[in-house]
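Hi,

Here is the structure I promised to pass on. Please have a look at it first, and then read my notes below.

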Amino acid sequence: MNGRPRERSRIVPRVTIEPGLWGEADLLVSEADTALAMASGDVPVLATPRVVSLCEQAACAALAGHLRQGETSVGMRVQLDHLAPTGIGGKARAEATLDKVEGRRLIFTVSVSDGRGLIAAGKVTRVVVDVERFLDKASD
């Protein structure tokens, strides 16, 4: 020993988050999902904010079971092209694939399709956070 106090190491189980994780989320478009209902437009079609939410759901599904207890992921950045409309009654499916892990940042490629083809595509970045510390920052 070199005279320094011995440090205790803490063993923390960690599930490795690696590129390739994949998730999906489905939506049957209702009136509540439209641009009219979300005040993001004046047509009764799937609203862009709802498309973003569907992409976030797919990214969260990809991470299910891969974060430590007490951790979650939060949205940081969304880059999305909403390419085509989907009407009420249409079925939309978002898929998210984890492309890159940069420290706590997780970068997903996302796409959304309906029965007629691709309706949106882009990137979603989420950050892994400790839930308690994150919520402390949100308090007054």
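What follows is a short account of what turned up in it.

Please keep in mind from the start that this is a predicted model.

**The core**

The largest nonpolar core has 25 residues, and those touching the most other members are Ile17, Leu46, Leu54, Leu106, Phe108 and Val112. Several elements supply at least two residues each: β1 (22-28), α1 (48-63), β3 (91-102), β4 and β5 (117-130). The most comes from α1, which gives 7 residues to this core.

Leu46 is a good place to start looking around. Leaving out residues up to four places away in sequence, Leu46 touches Leu27, Val29, Asp33, Ala35, Val51, His82, Thr86, Ala92 and Ile119.

**Salt bridges**

The count comes to 8 salt bridges. One of them joins the side chains of Arg50 and Asp33, with 3.0 Å from N to O. This pair links distant parts of the chain, 17 residues apart: Arg50 sits in helix α1, and Asp33 in the loop between β1 and α1. Are these two partners buried or exposed? Arg50 has a relative accessibility of 15%, so it counts as buried. Asp33 is buried as well, because its relative accessibility is 8%. Asp33 also appears among the residues that Leu46 touches.

Another salt bridge brings together the side chains of Glu71 and Arg68, at 3.3 Å from N to O. Arg68 has a relative accessible area of 30%, so it is classed as partly exposed.

There is also a network of salt bridges, which links Glu24, Asp26 and Arg93.

**Asp114**

Asp114 belongs to strand β4, which covers residues 105-114. Why does Asp114 count as buried? Its relative accessibility is 13%, and the cut-off for buried is under 20%. A polar atom of the Asp114 side chain lies 2.8 Å from the backbone nitrogen of Arg116. Setting aside neighbours within four places in sequence, Asp114 is in contact with Pro85, Thr86, Lys91, Ala92 and Ile119. Thr86, Ala92 and Ile119 are also among the residues touched by Leu46, so you can go from one list to the other when you browse the model.

**Helix α2**

Helix α2 spans residues 131-138, and Val131 is found in it. How many of its residues are buried? The number is 0 of the 8 residues, so α2 lies largely in the open.

At the start of α2, a side-chain oxygen of Asp130 reaches to within 3.2 Å of the backbone nitrogen of Glu132. Asp130 also forms a salt bridge with Arg133, where the closest N and O atoms are 4.0 Å apart. Arg133 counts as exposed because its relative accessibility is 60%, while Asp130, with a relative accessible area of 30%, is partly exposed.

Finally, Val131, Phe134 and Leu135 form a nonpolar patch on the surface, and together they have about 240 Å² of accessible area. Val131 itself is partly exposed, with a relative accessible area of 30%.

Enjoy looking through it!

Best wishes

Conventions. Residues numbered from 1 in each chain as written. Predicted model: local features only at pLDDT ≥ 70, side-chain atom pairs only at ≥ 80, totals over all residues. Heavy atoms only, no water. Helix = DSSP H or I, 4+ residues; strand = E, 2+ residues; numbered from the N terminus. Buried < 20%, exposed > 50% of the residue type's maximum accessible area, 1.4 Å probe, protein only. Polar contact = N/O pair within 3.5 Å; in protein donor to acceptor, adjacent residues only side chain to side chain. Contact = heavy atoms within 4.5 Å. Patch = residues over 30% accessible without salt bridge, like charges linked within 9 Å, V, L, I, M, F, W, Y side chains within 5 Å. Areas by Shrake-Rupley, 256 points an atom, 1.4 Å probe, with all protein chains shown as cover. Core = buried A, V, L, I, M, F, W, Y, C linked by side-chain atoms within 4.5 Å.
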